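This briefing is meant for someone meeting the structure for the first time. It moves from a single loop to the helices on either side, and then to the wider fold.

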Amino acid sequence: MPLLRRRRGGLRLAALALTAFALQTDDFVIVGVLPSIADGLSVGEAAAGQLVTVFSVICAAVAPVAAVVTASWPRRRLLTGGMLVFSAANLAVPLAASYPALMALRIVAALAAAAVLPAVFAVTAALAPPQRRGRDLATVMTGLTGAVVVGVPLGTWTGAALGWRATFVLGGLLGLAALAFLRAALPDTAPSPAAGLGERLRPLARPAIACALLAAVAAVLGNLMIQTYLAPFLDQTAGVSPSGLGGLLVLTGAAGIAGGRLSGSLVDRAGPLRAFAIASAAFVAAMAGLALAWSLRPAHLLLVVPLLLVWSAAAWAVPPPVQARVLALAGAETGPQVLALSSSAVYVGASLGAGLGGWLLGTLGPGSLPLAAAACALGALGLFGLAGRGARKPVPEKGLGAARNHDANV
């Protein structure tokens, strides 16, 4: 029986991780096919980038509301129904002959993702034995990190070989695979009692918590300026092709995972503020290097690739100190609500980054993006320092382990 339970638990975690993988891949896969979408729909690259903005805005705004509205729904039904809608929206993309039609489908996919992704982590925590909760959450988090290392490059290569619409079809197929796996492996458990919307938002009234979350917004804003428009920036800076971009995304994804792990260790040894400061300094240095590469264009890949690796490692080094800081500020009573708000902060930053980055791309050109991103990182560091003044006490090791693995989208 213990062996059977472990096997069932492993299948359940694999199904939840695959669901997170499909959702996260769909969120950021546009990065690799953005120029192709712009050409195919006869719109500017800045307009194509707004597809990322809309997805992130909806996830940020709808996720807390969806958690309240769907609180009484059986979890298995919520997850499988949401993934069915998500898959249908992606599989319908080949029928979208215009930019407004594609935008409408992205809105539908985002609404489904906003309801499903928070429930994925809630189900993971609810079904995990107390002594394994942190490890189970970390296992499901591999779906998010795997999306960056495998999903986005795979979508980029698919788009380069078969056209950008095939990238979204791939997302729909991943969604169907996750749906089938959830139906087979996830028990139809009743939902646990959920906090109301007011209770979820109450921690924002504390200035220190608000500063920490604003720091996350600013950090993600700067990162998404570069990430969303990486394809046109690298094309004009170093002549990187769509297929070459896929390989670079694999490398930067691996660097990001390494950066996140190193940052988590640094949080334990030196504290959140020092870890955040080191990540911010590395990010600013990488942005300065990319601005220099732009001024030297066409720049050699031997110059550009190391800068991209530092950029990705620094960007992924931000989540551990942010989560450790907000848990220390919130305490045990409101920690879960603040962690949920931090996910919304990530999506707010992503939407602002894609929107502002698109405006800069259209008005000042790609060379302005790394400079603006560096300014955002410095602003984030200032806000994070202000948040430190309100910290209550060190975070227990168990809580920090959960924080370290909560959200790698920053």
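**The loop between two helices**

Pro298 is found in the loop that lies between helix 12 and helix 13. The model is a predicted one, and the peptide bond that leads from Arg297 into Pro298 is cis in it, with an omega angle near 0 degrees. The points below start from the overall make-up and then return to the surroundings of this loop.

**Overall make-up**

- The protein has 16 helices and zero strands, and of its 410 residues 56% count as buried.
- When contacts with a separation of 6 or more are considered, 86% of them are accounted for by residues 24 or more positions apart.

**How helix 12 and helix 13 pack**

- Helix 12 and helix 13, the latter spanning residues 301–316, pack with their axes 8 Å apart and at an angle of about 150 degrees.
- Because an angle over 145 degrees counts as roughly antiparallel, helix 12 and helix 13 are roughly antiparallel to each other, and their crossing is left-handed.
- On the helix 12 side, the residues that meet helix 13 include Ala279, Ala282, Phe283, Ala286 and Ala293, while the helix 13 side includes Leu303, Val304, Leu307, Trp311 and Ala315.

**Ala293 as one point in this packing**

- Ala293 lies in helix 12, and with a relative accessibility of 0% this residue counts as buried.
- Leaving aside residues up to four places away in sequence, Ala293 touches Thr237, Ala299, Leu303 and Val304.
- Between the C-alpha atoms of Ala293 and Leu307, which are 14 residues apart along the chain, the separation is 9.4 Å.

**Aromatic pairs that involve helix 12**

- Ring centres within 6.5 Å of each other make a pair, and by this rule the count comes to three aromatic pairs.
- One of these pairs is formed by Phe233 and Trp294, whose ring centres are 6.1 Å apart and whose planes stand at 25 degrees, so the pair is stacked.
- This pair links distant parts of the chain, since Phe233 belongs to helix 10 (residues 230–238) and Trp294 to helix 12 (residues 272–295), with their positions 61 residues apart; both Phe233 and Trp294 are buried.
- Another pair is made by Phe276 and Phe384, with ring centres 4.1 Å apart and planes at 10 degrees, so this pair is stacked as well.
- The pair of Phe276 and Phe384 also links distant parts of the chain, with Phe276 in helix 12 and Phe384 in helix 15 (residues 368–388), 108 residues apart.
- Phe276 is buried, having a relative accessible area of 0%, and Phe384 is likewise buried, with a relative accessible area of 0%.

**A charge over a ring**

- Trp294, described above as the partner of Phe233 in a stacked pair, has the charged end of Arg297 sitting over its ring, 3.9 Å from the ring centre.
- Arg297 is also the residue from which the cis peptide bond runs to Pro298, so that this bond and the charge over the ring of Trp294 share a residue.

**A second loop, elsewhere in the chain**

- Ser42 lies in the loop between helix 2 (30–41) and helix 3 (45–69), and its phi is near 60 degrees, a positive value in a residue other than glycine.
- Is Ser42 buried or exposed? With a relative accessibility of 67%, Ser42 counts as exposed, because the cut-off for that class is over 50%.

Terms used: Residues are numbered from 1 along each chain as its sequence is written. This is a predicted model: local features need pLDDT of at least 70, side-chain atom pairs count only at pLDDT 80 or more; totals for chains, interfaces and linings use all residues. Side-chain values use heavy atoms; hydrogens and water are left out. Rings of Phe, Tyr and Trp (its six-membered ring) pair if their centres lie within 6.5 Å; planes under 30 degrees apart count as stacked, over 60 as edge-to-face and the rest as tilted. Helices (H or I, at least four residues) and strands (E, at least two) are DSSP runs, numbered from the N terminus. Buried means under 20% relative accessible area, exposed over 50%, partly exposed in between (1.4 Å probe, protein chains only). A charge sits over a ring if NZ of Lys or CZ of Arg is within 6 Å of the ring centre and within 35 degrees of the ring normal. Axes are lines fitted to C-alpha atoms, for helices over the stretch in contact, and angles run from 0 to 180 degrees between N-to-C directions. Angles under 35 degrees count as roughly parallel, over 145 as roughly antiparallel, 65 to 115 as roughly perpendicular and the rest as oblique. A crossing is left-handed if the near helix is turned anticlockwise from the far one by less than a right angle, and right-handed if clockwise. Contact means heavy atoms within 4.5 Å.
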